[in-house]
Amino acid sequence: MQHRILVIDDNQDVVKALKLLFLLNDIDCDGATSPEQGLEMLKTSSYDLVIQDMNFSLDTTSGVEGKALYQDIRQLNSDLPIILLTAWGNLEMAVELIKDGAADYLEKPWREEKLLASVNQLMEMYRLEKAQFKQQKQSLARTTKLADKFDLAGLVYSDPAMLSLLEVATQVAHSDAPILITGPNGAGKEKIAEVIVANSPYKEAPFIKVNAGALPADLIEAELFGVVSGAYTGATKSRIGRFEAADGGTIFLDEIGNLPLSGQQKLLRVLQTGEFEPVGSSQTKKVKVRVISATNAELSKAILQGQFREDLYYRLNMIELSLPSLTERPEDIIPLAEHFIGEGKQLSSGAIHTLKRYNWPGNVRELQNVIGRAKLLAQGNIIEPSDLGINIKQSSSAATSEFSAQDIRAALSSHDGNVTHAAKSLGLSRQAMYRRMDKFGIER
């Protein structure tokens, strides 16, 4: 898509020269010779960038007219990049507007290569920002629609990856088809199962959760299918299994990859026919149960190693939902952290930065534990990086992000300009804080 520029300058020669320059570089350009004409064109047409003069009246060099035009443009479009054309006499005014948000300023006479470089960079940034805004708007609309239509069981999320997963999960929730949820430990597979059940025809029926990974291998079958008295040493009385308890509802089998082969055979039969026999019994029982299973294991590898039945695998994953790790959905980190904090305390900007950079090998479960600990250790209402107890250097795939000028200014503002306290809130030494202030031109 071709970019469009609007040049606003009372000098016809300047407008013609810039229009020719941009034409030769395949950039569409319109010209206006007064602020009034320029503002009217901005109201009726779409532009990716404005280049405006600072003076429009004869013998005027103060830049006041340019400032007024700049502010009027901002009223129409707060994000549109604006380059100021200045003479030496109103350079101070241009610098003031740069601090207010103008994209760049160029002194007359300009250097064509510098002007073109600035224009191309700013228009590309604006294009990306508009695309991102459009994506965020679409994502918000999808999120609102999902929340209005379905019961999300209190799930906290913000990342587009989770939004896409939830859209599929709620869509298939109404069916009886077995669902396999895959993903790393602590990522929230059980919570996804709760969302599915909350939007299924069985939401008022029994919902039985079984962690197959936490059961002794020799007791898994008895737990799932029941046992009769005397079936083995220690079985002093008969008891029903989890499948019978879930009859008419849903059973959630977590860590399904740990189920022994004998148990897999019985599970396959239940999925096919709804029938099973309790351990030690020859009496067949029949149930109707919707099965949701979950695993952090690669079942395809387990099949090749003879540890998992291939026919059961295809029965379980009629619908497969792949839950990303917390690192793969970074926009969920801070909303989840704030949810775990609750009321009474809040994260400092430094703590937010630390949470975003950490790799989270333990996923959401680890984040919950970290926040719980930080709430206990924080001296006041603000949780600082030191309260989190996590070491970024030990996180092998942690992002190498750096503080921005906005981060530094926000920290200084929240601590009334006290450099020592602001540095502590960011997890920096005073010397490191001063280096960043110098880097961004922030006055000490």
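1. Pairing of strands 7 and 8. In this predicted model, K209 stands opposite F252 of strand 8. The two strands concerned, strand 7 and strand 8 (residues 250-254), run parallel and are joined by five bridges. K209 also belongs to a network of salt bridges with shared partners, together with E190, K191 and E194.

2. The sheet as a whole. Strands 7 and 8 are part of an open sheet of five strands, ordered 7-8-11-6-12 and paired in parallel. Strand 7 (207-211) and strand 12 (319-322) form the edges, each pairing on one side only. From one strand to the next, the twist averages 15°.

3. Strand 11 and its neighbours. Strand 8 pairs with strand 11 in the parallel sense over four bridges, and T250 has R290 as its bridge partner in strand 11. Strand 6 (residues 179-182) likewise pairs with strand 11 in the parallel sense, over four bridges. Here I179 is matched with I292 of strand 11.

4. Burial of strand 11. Which way do the residues of strand 11 point? R290, I292 and A294 point one way, while V291, S293 and T295 point the other way. In a regular strand, side chains alternate between the two faces of the sheet. Both sets in strand 11 are buried, and the count for strand 11 (residues 290-295) is six buried residues of six.

5. The largest pocket. The space in the largest pocket amounts to about 470 Å³. Its lining consists of 24 residues, and those nearest the centre are G186, A187, G188, K191 and V364. Helix 7 (189-198), helix 13 (333-341) and helix 15 (363-377) are the elements that give two or more residues to this lining. Helix 7 gives the most, with four residues. By residue class, the lining of the largest pocket comprises 10 nonpolar, seven polar and seven charged residues. K191, one of the residues nearest the centre of the pocket, is also a member of the salt-bridge network with E190, E194 and K209.

6. A salt bridge between distant parts of the chain. The model contains 19 salt bridges. In one of them, D9 meets K108, with the closest N and O atoms 3.2 Å apart. D9 lies in the loop between strand 1 (4-8) and helix 1 (12-24), K108 in the loop between strand 5 (104-107) and helix 5 (112-149), and the two are 99 residues apart. Are these partners buried or exposed? D9 counts as buried because its relative accessible area is 0%, whereas K108 is partly exposed at 31%.

7. Two further salt bridges. R309 and D311 form a salt bridge through their side chains at 2.8 Å, N to O. R309 is partly exposed, at 26% relative accessibility, and D311 is partly exposed at 34%. R329 and D332 also meet in a salt bridge, at 3.3 Å, N to O. In this case R329 is buried, with 2% relative accessibility, and D332 is buried, with a value of 0%.

8. A cis peptide bond. The bond from K108 to P109 is cis, with omega near -10°. P109 is placed in the loop between strand 5 and helix 5. K108, on the other side of this bond, is the salt-bridge partner of D9. Most peptide bonds are trans, and most residues other than glycine have a negative phi. The cis bond may therefore merit a check by the reader, as may the two positive phi values in the next point.

9. Positive phi values. Where does D26 lie? D26 is in the loop between helix 1 and strand 2 (28-32), and its phi is near 60°, a positive value in a residue other than glycine. D26 counts as exposed because its relative accessibility is 62%. A153, also not a glycine, has a positive phi of about 55°. A153 is located in the loop between helix 5 and helix 6 (160-172) and is partly exposed, with a relative accessible area of 25%.

10. A long separation. A103 and G248 are 64 Å apart in space, C-alpha to C-alpha, and 145 residues apart in sequence. A103 is found in the loop between helix 4 (91-100) and strand 5. At 32% relative accessibility, A103 is partly exposed.

Terms used:
Residues are numbered from 1 along each chain as its sequence is written. This is a predicted model: local features need pLDDT of at least 70, side-chain atom pairs count only at pLDDT 80 or more; totals for chains, interfaces and linings use all residues. Side-chain values use heavy atoms; hydrogens and water are left out. On a 1 Å grid over the protein atoms alone, a cavity is a set of points where a 1.4 Å probe fits but cannot get out, and a pocket is an open set with protein on both sides within 12 Å along at least five of seven lines; lining residues have an atom within 4 Å of a point. Grid points are joined across faces, edges and corners, and a volume is the space filled by probe spheres set on the points. Ala, Val, Leu, Ile, Met, Phe, Trp, Tyr, Cys and Pro count as nonpolar, Asp, Glu, Lys and Arg as charged, and the others, Gly among them, as polar. A salt bridge is a side-chain nitrogen of Lys or Arg within 4 Å of a carboxyl oxygen of Asp or Glu. Buried means under 20% relative accessible area, exposed over 50%, partly exposed in between (1.4 Å probe, protein chains only). Two strands pair if DSSP finds at least two bridges between them. Axes are lines fitted to C-alpha atoms, for helices over the stretch in contact, and angles run from 0 to 180 degrees between N-to-C directions.
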